[in-house]
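Reader: I have a protein model open in front of me and would like to learn how its features are read. Could you take me through them one at a time, with the general idea before each case?

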Amino acid sequence: SAGLLIYLVSFMMVFCAGAQEEGEIDCTPGFQVKEYQVQYNGGFPAGEPLLQVAFNDCKGNQDVQFEVSHPDFVVDEEGRLSPRRDVIDSGTVMFIHGQSIHSDDMAQVDILGAPPRSPQTLREILGLGQIPYRQRRSLLVPPMFVPENQRPPFPRSIGKVISADMEENHVFHLTGKGADQDPKGVFRINRLTGEVAVQRPLDREAIAMYYLQVSTTDLSGKVVEGPVALEVSVIDQNDNRPIFQESRYAGEVLEGSPTGTTVMTMTAYDADDPNTENAVLRYHISKQSPSKPSPNMFYIDPEKGDIVTVISSSLLDRETLPTTQYELEIVAKDMAGSDVGLTGTATATITITDKNDHAPEFTHSLFQATVDEGSTGVIVNLTVDDRDDPATGAWRAVYSIINGNVGQSFEVHTNPDNNEGMLSVVKPLDYENTAYHTLLIKVENEDPLVPDVGYGPSSTATVHVTVLDVNEGPMFFPDPMVVTKRENVPVGSFVATLNATDPDILQTQSIRFALLKDPAGWLTVNPVKGTVNTTAILDRESPFVRNNMYSAVFMATDNGSPPATGTGTLVITLEDDNDNAPYVSPSVARVCEDAKDLNVVVLGGQDKDIYPNAEPFSIELGKQPGLEKTWKVSRINNTHAQVTLLHNLKRANYNLPLLVTDSGVPQLSNSTEIKVQVCTCKKNKMDCNSAWLVRSSMPLCLGLALLSILCEYPSHDVPTSPQGTGG
């Protein structure tokens, strides 16, 4: 019977392997038969095969290892279970653990008619000394494996949980994500046998590992064993193509680079299991465009994805290649590049960049330019040729004047639009000084040349500049001309004689003068002699005078063809005369009629003249008799005085006469007056309204009083109030 069992199992393994190769059925890794039976006939002789296990990891069974819970039994490479020696105490059950890189599973062997081992403990039955399975009490839960993308029918068995203490009233329970938690219903367990099954296709890229728990309970729901962790690994299938993150990639390599220079690295990604060949990628170049001068100018490392140059450095010349950009179609294939591998593609654009291996050269060795004297700006554009890549530092030109620019009258700059050199005059040239200039210009690149290339004679050029004579306007000297005059000089007084010369010394020309700007209209000029005289009184206090200075602009015109003009400024510094009387401010003051502080106001003296014709000022009461009985003026400093009441006055308006005198020679005095309002003050508020009413009614009262006095005293003067005139 043992021989027949071995034959049947061997036939099943061959059949399953053949069916897998043909793709007729799906393969579930692990033991294809989970339970075996052998008959005990008094013992087992050494070396005699008892059965052949059916184990398939669905990947060719490479490096499969078996362990048996009974130390006296072994499973060989062919999967045959045999005793190492003559065995009598085999016990009633054994477990076989099969493991490879792709599968890990367990099978049970029941020995019919055998007596129990003595001593026979639970650890010995489960072989825990040899098989490293996680367990709690007597519940044995091996790891399980499920290929992704299985086709129906479902459910499919993936393994079995074994309980050594299982009784008829005990049932298995499966919990966790994939069982009773989302995603629910992926796995189920047979409540009576412990067989675990998958109920629908799995996707490893979505969930690669399920972590479940297995337990047993009695019929009342009380947990008997567990929970024990159950790990279900999803076996990868090659169902994802390699993907490049971008459809197009760009790289560059310097022209003349040696063979083997790394240009760029292409990297694709595969979502399949990185620990399997499903995600092992290989790269190759499927197409190069253009294909000249060689269809294999570049090579890609199959494993790393590094693109390197194959073409020689002498042929990698940007100036001789048919194009400066090459496109490579890169293919990434999984399954380590095997024929059955899936592919992904991307395009690599490689630009041959320029190095400065060509010096710029002038298109002409001699350039001509003409310029009017006295003018500035660009006078000639210098053109160059450069075979290097435009818009790079190897092409952009830098110009310099290396000879002939003695007075630094010329500058040369690069036109960024066309790389030409713009030679400019920055300081006006003088025909009478030098009519011809010869410059030597040099051109270089922004970037240095490569070591084996230098600048030759064509990198310099000569420029002949011819200066054209232009009729130049007369020039005043000095400009401005500054003179000093006292204000109020008589009309017709001499002020100054203007001096202007014509820079055209090689021509004989006459000059005439004219007044161009005279804001106050004070001056006149002799057109031939250039003498300036006054036509009005010079007033230092005029609004046209700033900081004691008056400015006028004159024009000189030659008789050239066409006539040319020049302008000059005459500045007259005016000395002060004491021609303005002083005055005081403020002109109005207020005081309370019951004020305890009788200080009325502080007056300040002012004068349009300047020192010494202004302060110190003398501020005193007017000459009217009796003022000193009511008012007092006290000097504070050179410019200010305090006005004080000697006693309180009734509410009214009062005009206080004052006399203000400056310190000029001779002194000037001004008889003036200030208005003092005596107001009613209550609660910090000053009421002066009735005072103004009194002021507005006084003209009528004064008129009536004056008429009465004239009638009574026709031959006498009118008396005045000694205390100030009431308003």
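Author: Let us begin with burial: a residue is called buried if its relative accessible area is under 20%, exposed if that area is over 50%, and partly exposed in between, with a 1.4 Å probe and protein chains only. Helices (H or I, at least four residues) and strands (E, at least two) are DSSP runs, numbered from the N terminus. With these terms, strand S8, residues 93–99, is mostly covered, since six of its seven residues are buried. This is a predicted model, in which local features need pLDDT of at least 70 and side-chain atom pairs count only at pLDDT 80 or more, whereas totals for chains, interfaces and linings use all residues. Residues are numbered from 1 along each chain as its sequence is written, and side-chain values use heavy atoms, with hydrogens and water left out.

Reader: How many helices and strands does the protein have, and what percentage of its residues count as buried?

Author: The protein has three helices and 56 strands, and of its 727 residues 43% count as buried.

Reader: How should I read the pairing of a strand, and which strands pair with S8?

Author: Two strands pair if DSSP finds at least two bridges between them. Strand S5 (residues 65–68) is joined to S8 by four bridges and runs antiparallel to it, with Val68 standing opposite Ile96 in S8. S8 also pairs with strand S9 (residues 104–112) in the antiparallel sense, over seven bridges, and Gly98 has Asp105 in S9 as its bridge partner. S8 and S9 form a hairpin with four residues between them.

Reader: What surrounds a single residue of S8, for instance Met94?

Author: Here contact means heavy atoms within 4.5 Å. Met94, which has its place in strand S8, counts as buried at 1% relative accessibility. Leaving aside neighbours within four places in sequence, Met94 is in contact with residues including Val68, Phe73, Leu81, Ala107 and Val109. Met94 and Val109 are 15 residues apart in sequence, and their C-alpha atoms are 5.1 Å apart in space. For the protein, residues 24 or more positions apart account for 67% of the contacts with a separation of 6 or more.

Reader: How do I recognise a pair of aromatic rings, and how many such pairs are there?

Author: Rings of Phe, Tyr and Trp (its six-membered ring) pair if their centres lie within 6.5 Å; planes under 30 degrees apart count as stacked, over 60 as edge-to-face and the rest as tilted. By this rule the count comes to 13 aromatic pairs. One of them joins Phe31 and Phe55, whose ring centres are 5.1 Å apart and whose planes are at 75°, so the pair is edge-to-face. Phe31 lies in strand S1 (residues 30–31) and Phe55 in strand S4 (residues 55–56), so the pair ties together parts that are 24 residues apart in sequence. Phe31 is buried at a relative accessible area of 3%, and Phe55 is buried at 2%. Ring pairs link Phe31, Phe55 and Phe66 into a cluster.

Reader: What is meant by a nonpolar core, and which residues of the largest one touch the most other members?

Author: A nonpolar core is a set of buried Ala, Val, Leu, Ile, Met, Phe, Trp, Tyr and Cys residues joined through side-chain atoms within 4.5 Å. The largest one has 27 residues, of which Val600, Trp631, Val643, Leu658 and Ile674 touch the most other members. Among the strands that each supply at least two residues of this core are strand S49 (599–606) and strand S53 (652–661), and S53 gives the most, with five residues. A second, separate core of 24 residues includes Val253, Met297, Ile307 and Ala332.

Reader: Finally, in what order do the strands of an open sheet such as the one with S13 lie, and which are its edge strands?

Author: In that open sheet three strands lie in the order S13-S17-S16, with antiparallel pairing. Its edge strands are S13 (156–160) and S16 (187–189), each of which pairs on one side only. S16 and strand S17 (residues 195–198) pair over three bridges in the antiparallel sense, and Phe187 stands opposite Val198 in S17.
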